[in-house]
Amino acid sequence: MDWRPYGSCCQRHAADAGVAFCPECRHPLVRCMAFADCGSLVAATGPCPACVAPLLMIDAGAVVQSQAGERLAVPLILKNASPAHRPIWVKRIARLDGGHAEPIALTWEQIDAGAERRFTVNTPPLEAGGTHAVHLVMVVASRHRGLEEEYAFSAGTTIRVSTPRSHSFQQVINVDGSSSQGGGVATAGAVNAPVKIDFGDAGAGAALRDRMPLPLDRAEKYELEQGVRGYLAEGVRAPRLVSFAFQGFRAGECPPPGATLAARGTLAFGRNSRTVAAGTDAAPNDVCLRAYDARTGQVDEPATMAISRHHFDLVVVNDRVCVLARTTRGLQVNTRNLAAGELVPLQPGDTVVPIPGRPEKLSLQVAFGTSIGSVDRIDVIRTPAAGAC
Amino acid sequence: MATTHITLSDDALLGEYVRLDDVKGLLEQRVAIGPDLLAMLIKDGQIAQAAPGGHFAVGGVWRTIKDALAGAHAIRLLVADLKPFPVSKTISALTKDAVEILCELTIELQVNPERPANVLGLMKDHAAVTKAGVLTRLAPHLAERVVNAAVTRVTALELRGNTGLQDKLQADAMAEVERMAGDVGLLVRAVTIDFGTNEVEQARILERQQTREQETLEREFAILNRSIAREAESNIVQLKTALDVEKVKTATDDELRRMILGNELAFIDARETGVRVQEMKAIRHELAKNREERVEGFTAQLEQARHAVEMARTGGEQRDVQMDIAVREAKQKVAITRIDGDLRSVTREIDQADTQQRLALQKLEQLQSLEIAARAREEQVRTMRDLQGVELDGERGHLENQILGANAAHTRAMDERRHAADTELAKMQMARDLSEAQTLAITAGFSPAVANVLVERARGAADADKLALMREMVQQAKDAQVSSEAQARHFFDSGMTGAVGVAHGVGTAASGAVHMHGSLSGELGTIECPGCHVIIPVTDRFCRNCSRPMRQ
């Protein structure tokens, strides 16, 4: 799925909450989950540029040079430069040492907009001289109304390590009594006088006068490998523009194939119909969930009444398709009961049971259609089938 | 009778003819030859005897008379050494790694004692055969065919102690000698080659010698160092000074050095004093050297630090510029966000105004509906009260009013029949008032409102064509599945004006039409997306709900 940047027309039309595609350039308008606060559009898998804007700097006075065999402590500053005045949460920071990530202990988590937090990175003993690279990776989160999006960023700096050049001389001075200046006392002997001479910039650790910004790069591979975003086992990501297809629904109870989350970022499931009816159905759903009698084909009212008007949402969070429970009447994913407001990622083959304990009445199974590293299509299969959608 | 022992006249000889005339005399002489020598007696050109050792009688009166009377026999005596004898020859050869070597070839030869007569093949008529002469004859062949052929296959360092090489040389030499001199009574008992020291071996010997010398020196040096270290560790320096002892104890190295140089502090042991003076000189030298090097180092560091300062200053200015750019970008973003916010607020105000207007209209409609419902309820209540009154009156005089009740029931039945007849009559009157075109539309299954639209569209045509036009429009409307007045108007408006888009979807809207844009519904300049049936502005190039292309 190719992604192209938004145009000015997209920004203009994004203000209308009901617009899913730009009427001028056809670009899908994917809004930040905190669009009401930041008013920003986001990429299919990227962070909101207004909500997630960390800035990493080396503090002034830091020493970035050392001698071989020494450890180095680099003081760093992490600043939240969000132009939308949104806070960020730092989930973890680690120093990459080869293929191993050594976590850095943090005593804080939240950084408000414009605020700074300080931490220190300690290097292991730098044995060999030359230039050493210190790589950091951090996981930053943005939260809004019970949803949390995590993103990983990496940064690196170099440390110049100088080798102390010293030479030792084992010299023996033979003293002859006749030539000594000791006042005519005849004596002779050998003096063992070792000499050690150090060359070079001994202990010359240059300190920074000003803060030095470190560019932060998005670490998508780290996110996938560490399970921060996407599906770790399958090695795929579900973009925010993933298309949905519905099977087993009656006509008019589900969107047409290829529906996306572009307009509101969610797909609402519940008992309410899909049409706006003043007075009776002011909050329509995207997918209507009603139980039907298998024999008569009529609505099974007792079972249907066990489904809330707005039962749950399907959302894409952290490149994973998730179920966000809205009902207080109970909801099951496989056999796990969900409380209202609980967010559970869906794996391929998972089954959502809207009526807890009654999967024979109504259950929804999800299947993923993947291509190279990406989930292109998600099939929602209703059981028992109620008709063609 | 005297006996004479005959041997070889020289040990270097292998064989020689003995002159019997020298021992022949008037008296008979006995000639004896030891068993280690071959005694070959040749009489009148024939070998009379050939055996190791022998005993002959030579001369004598009788034999002299006999020789004088009958003639003397031609007798020759050959004596040859039957003992093994070594001969040596120095041979030069070239090894596999092109190193010239000298070796001494030693061959243990022997006249074959089993066939001693064959030694005649070696003998010369007028001279003796020496052992060296035999080697002279064999040496050229052995040197090239045996020694050089074998030595060129090994390197210079592989010659010494090489038993296999020696065995090969011996075997080859035996075969070669057997080939050349086997039939003349020579055989080889042993062959050995002593190799001289070649250049490679000499270099190796020299190297090892130097290594051993170096190891010896290092060992002695280590022993000396340990000795000096032990001495240094065990030395107790005694100082003599007129100053305060506590002050001396707390003095720094430089102060102690100054005190020693100023003779304020002296070593009691003169030997120690001399040593310390030398140490001080050496330390001063090293300090001076270190100072110079340190000054040079500091100078270099200073230059480096100045360079770093300049780099940092330049970097700071660069960062300032970057920060300025970032601030400007942030300000621009903030301005854009503010403009977007204003735009959204204006949009929201418009939406709110639309919503308020819609709500007001809905409220008005609801009030009208409520007023009508209230009037209907009042009428119903009044009717019910009348009925209740009638029922109460009937109950009061149940018996008296049975007839009246039956009459009333009859009256109501009659009223219902009359009402049905009136309704049928009204329908017939309405059908009478309908035009032929309206009748055509209504019979086609359209509602009266749609039929009116069709009649209205066909009104401009001539009377003759009106009916045909009406039929055509009815067929088009049926094909388009027009179901409402609005769809009919939109269908025929678009057909006349050529507007694009609406005709594709009119009448096909599914019952599951999704979220409508309330602010756009019913407004002028809007169309319905044929894909998702959402009302969108006619200016949209793509549907804002499903992204379907709307116009080219």
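Reader: What pLDDT does chain A average, and what share of the residues score at least 70?
Author: This is a predicted model, and confidence is therefore a sensible place to begin, since pLDDT is the predictor's confidence in each residue, from 0 to 100. In chain A, 86% of the residues score at least 70, and the chain averages a pLDDT of 85.

Reader: Over which residues of chain A is the pLDDT below 50, and how many contacts does this stretch have beyond near neighbours in sequence?
Author: The stretch in question is residues 178-186 of chain A, where the pLDDT is below 50. Leaving near neighbours in sequence aside, the contacts that this stretch has in the model number 17.

Reader: How many helices and strands are there in chain A, and what percentage of its residues is buried?
Author: Chain A holds 4 helices and 24 strands. Among its contacts between residues at least 6 apart in sequence, 57% join residues at least 24 apart. Of the 389 residues in chain A, the buried ones make up 37%.

Reader: In what order do the 6 strands of the open sheet in chain A lie, and which are the edge strands?
Author: The 6 strands of this open sheet in chain A, whose pairing is mixed, follow the order E14-E24-E23-E22-E19-E20. From one strand to the next the twist averages 25°. Each edge strand pairs on one side only, and in chain A these are strand E14 (243-247) and strand E20 (336-338).

Reader: In which sense do strands E23 and E24 of chain A pair, and which residue stands opposite Gln365(A)?
Author: Strand E23 (residues 363-370) and strand E24 (residues 375-383) of chain A are joined over 8 bridges, in the antiparallel sense. Within E24(A), the residue opposite Gln365(A) is Ile381(A).

Reader: Where is the place of Pro255(A), and is this residue buried or exposed?
Author: Pro255(A) sits in the loop between E14 and strand E15 (266-270) of chain A. Not counting residues up to four places away in sequence, Pro255(A) touches Phe246(A) and Asp286(A), and its C-alpha atom is separated by 9.5 Å from that of Cys288(A), 33 residues apart along the chain. Since a residue is buried if 20 or more other C-beta atoms lie within 10 Å of its own, the 20 C-beta neighbours that Pro255(A) has inside 10 Å make it count as buried.

Reader: Which strand of chain A pairs with E9(A) over 15 bridges, and which residue in their hairpin takes a positive phi?
Author: The partner over 15 bridges is strand E8 (residues 130-144) of chain A, which pairs with E9(A) in the antiparallel sense, and here Val140(A) stands opposite Tyr151(A). Their hairpin has 2 residues between the strands, and the residue with a positive phi near 50° is Arg145(A).

Reader: How do strands E2 and E13 of chain A pair with E9(A), and which residue is the bridge partner of Phe153(A)?
Author: Strand E2 (residues 65-67) of chain A runs parallel to strand E9 (residues 147-162) of chain A, with 3 bridges joining them, and Ser66(A) stands opposite Val161(A). Strand E13 (residues 217-218) of chain A, by contrast, pairs with E9(A) in the antiparallel sense over 2 bridges. In E13(A), the bridge partner of Phe153(A) is Arg218(A).

Reader: Which strands are at the edges of the open sheet of 4 strands in chain A, and what is its average twist?
Author: The order of these 4 strands in chain A is E7-E3-E1-E12, and the pairing is antiparallel. Strand E3 (residues 73-80) of chain A is joined to E7(A) by 7 bridges, with Leu78(A) standing opposite Arg117(A). The edge strands of chain A here are strand E7 (116-122) and strand E12 (212-214), and the twist from one strand to the next averages 35°.

Reader: Why do the buried residues of H3(B) line one face of the helix?
Author: Helix H3 (residues 163-181) of chain B has 19 residues and reaches 26 Å from its first C-alpha to its last, close to the 27 Å expected at 1.5 Å a residue. Its buried residues are Leu169(B), Ala173(B), Val177(B) and Ala181(B). An α-helix has 3.6 residues a turn, so residues three or four places apart point the same way. Seen down the axis of H3(B), the buried residues line one face because they fall within an arc of 60°.

Reader: Which residues are exposed on the other side of H3(B), and what does the cover of its buried residues include?
Author: The cover of the buried residues of H3(B) includes strand E7 (100-111), helix H2 (131-151) and strand E9 (186-195) of chain B. On the other side of H3(B), the exposed residues are Gly164(B), Asp167(B) and Arg179(B).

Technical notes. Residues numbered from 1 in each chain as written. Chains lettered and ligands numbered in written order. Predicted model: local features only at pLDDT ≥ 70, side-chain atom pairs only at ≥ 80, totals over all residues. Pairing = 2+ DSSP bridges. Axes fitted to C-alpha atoms, helices over the stretch in contact; angles between N-to-C directions. Expected span 1.5 Å × (residues − 1). Buried ≥ 20, exposed ≤ 12 C-beta atoms within 10 Å, placed from the backbone. Arc of directions from axis to C-beta. Contact = placed C-beta atoms within 7 Å.
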